[in-house]
Amino acid sequence: MAKALNLNDVRPPSEAECRDAAAAVRALAPLLKRARRKVASVALRAEGPGEPVSIPVPRSAVVLLVEILEQMARGNAVTLVPVHAELTTQEAAQLLNVSRPFLIGLLEQGRIAFHKTGTHRRIRFADLLAFKQAEERRQDVALNELAAEAQALDLGY
């Protein structure tokens, strides 16, 4: 059963975790280079009590693991959110870095799809991500227009 997303549990890695993550990236990166994109899985060797075991891991999972470790090595907090996950309004607001009342306004305006479970609003992570990407594109267009206007007016930018 998947653990519920709780952004309050997300914390940056310790210095020791950063060092360990960097060492793991250095060890795993060559596996990916040797495996190339044509290989569907990578064999990882697990050692512990008893005989060592070779475990086939999907290449895409190893790529994701390396990306997570790279972020940890940089000191960044990391969390995984399944695309089909449903978020509370508080979780969605935290991911967008806006207040919960502002997010609810976006929901009520129809700018982000949601549904209700009883009296509680739920937002699919995929819908929130689509909104965020659309907003970033809209902001880029506006910024480019402002820059072009500043250039046209010879404002020295």
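**Entry 1: helix α3 and its surroundings**

I began with the buried residues of α3 and looked up what they pack against, which turned out to be β3, α4, β5 and α5. The model I am reading is a predicted one, and I keep that in mind throughout. Within α3, I find Thr 89, Glu 91, Ala 92, Ala 93 and Leu 96 listed as buried. Just past the helix I noted Asn 97, which follows α3 and has a positive phi near 60 degrees.

**Entry 2: α3 against α4**

How do the axes of α3 and α4 cross, and within what distance do they come? I read a crossing of roughly 100 degrees, with the axes coming within 9 Å. Since angles from 65 to 115 degrees count as roughly perpendicular, I enter α3 and α4 as roughly perpendicular to each other. On the α3 side the contact is made by Thr 89, Gln 90, Ala 92, Ala 93 and Leu 96, and on the α4 side by Arg 100, Leu 103, Ile 104 and Leu 107.

**Entry 3: the nonpolar cores**

I then turned to the largest nonpolar core, which has 14 residues, and asked which of them touch the most other members. I wrote down Ala 92, Leu 96, Leu 103, Ile 112, Ile 123 and Leu 128. Three helices each supply at least two residues of this core, namely α3 (89-96), α4 (100-108) and α5 (125-152). Another core lies apart from it, made of ten residues, including Ala 21, Leu 28, Leu 32 and Leu 69. Going back to Ala 92, and leaving aside its neighbours within four places in sequence, I find this residue in contact with Leu 87, Leu 103, Ile 123 and Leu 128.

**Entry 4: the three-stranded sheet**

Next I traced the open sheet, in which three strands are arranged in the order β3-β5-β4 with antiparallel pairing. Because β3 (86-87) and β4 (115-117) stand at the edges with a single partner strand each, one side of each is left without a neighbour in the sheet. I count two bridges between β3 and β5 (residues 120-124), which run antiparallel, and Leu 87 has Ile 123 of β5 as its bridge partner. Helix α5 packs on this sheet by touching β3 and β5, and I noted that its direction makes about 70 degrees with that of β5.

**Entry 5: the hairpin of β1 and β2**

I looked up the pairing of β1 (residues 41-46) with β2 (residues 53-58), and found it antiparallel over six bridges. Ser 41 stands opposite Pro 58 in β2. The hairpin has six residues between its strands, and there Gly 50 takes a positive phi near 95 degrees.

**Entry 6: Ala 22 in α1**

Is Ala 22 buried or partly exposed? I find this residue in helix α1 (residues 15-35), and its relative accessible area of 21% makes it partly exposed, given that buried means under 20%. I also checked its C-alpha atom against that of Glu 70, 48 residues apart along the chain, and read a separation of 6.6 Å.

**Entry 7: the chain as a whole**

Finally I took stock of the chain, whose secondary structure comes to five helices and five strands, following the pattern α-β-β-α-β-α-α-β-β-α along the sequence. Of its 157 residues, 24% count as buried, and the chain exposes about 11,400 Å², of which carbon and sulfur atoms supply 55%. Among contacts with a separation of 6 or more, I noted that 49% are between residues 24 or more positions apart.

How values were computed
Residues are numbered from 1 along each chain as its sequence is written. This is a predicted model: local features need pLDDT of at least 70, side-chain atom pairs count only at pLDDT 80 or more; totals for chains, interfaces and linings use all residues. Side-chain values use heavy atoms; hydrogens and water are left out. Helices (H or I, at least four residues) and strands (E, at least two) are DSSP runs, numbered from the N terminus. Buried means under 20% relative accessible area, exposed over 50%, partly exposed in between (1.4 Å probe, protein chains only). Contact means heavy atoms within 4.5 Å. Accessible areas come from the Shrake-Rupley method with a 1.4 Å probe; for residues, only the protein chains shown count as cover. A nonpolar core is a set of buried Ala, Val, Leu, Ile, Met, Phe, Trp, Tyr and Cys residues joined through side-chain atoms within 4.5 Å. Two strands pair if DSSP finds at least two bridges between them. Axes are lines fitted to C-alpha atoms, for helices over the stretch in contact, and angles run from 0 to 180 degrees between N-to-C directions. Angles under 35 degrees count as roughly parallel, over 145 as roughly antiparallel, 65 to 115 as roughly perpendicular and the rest as oblique.
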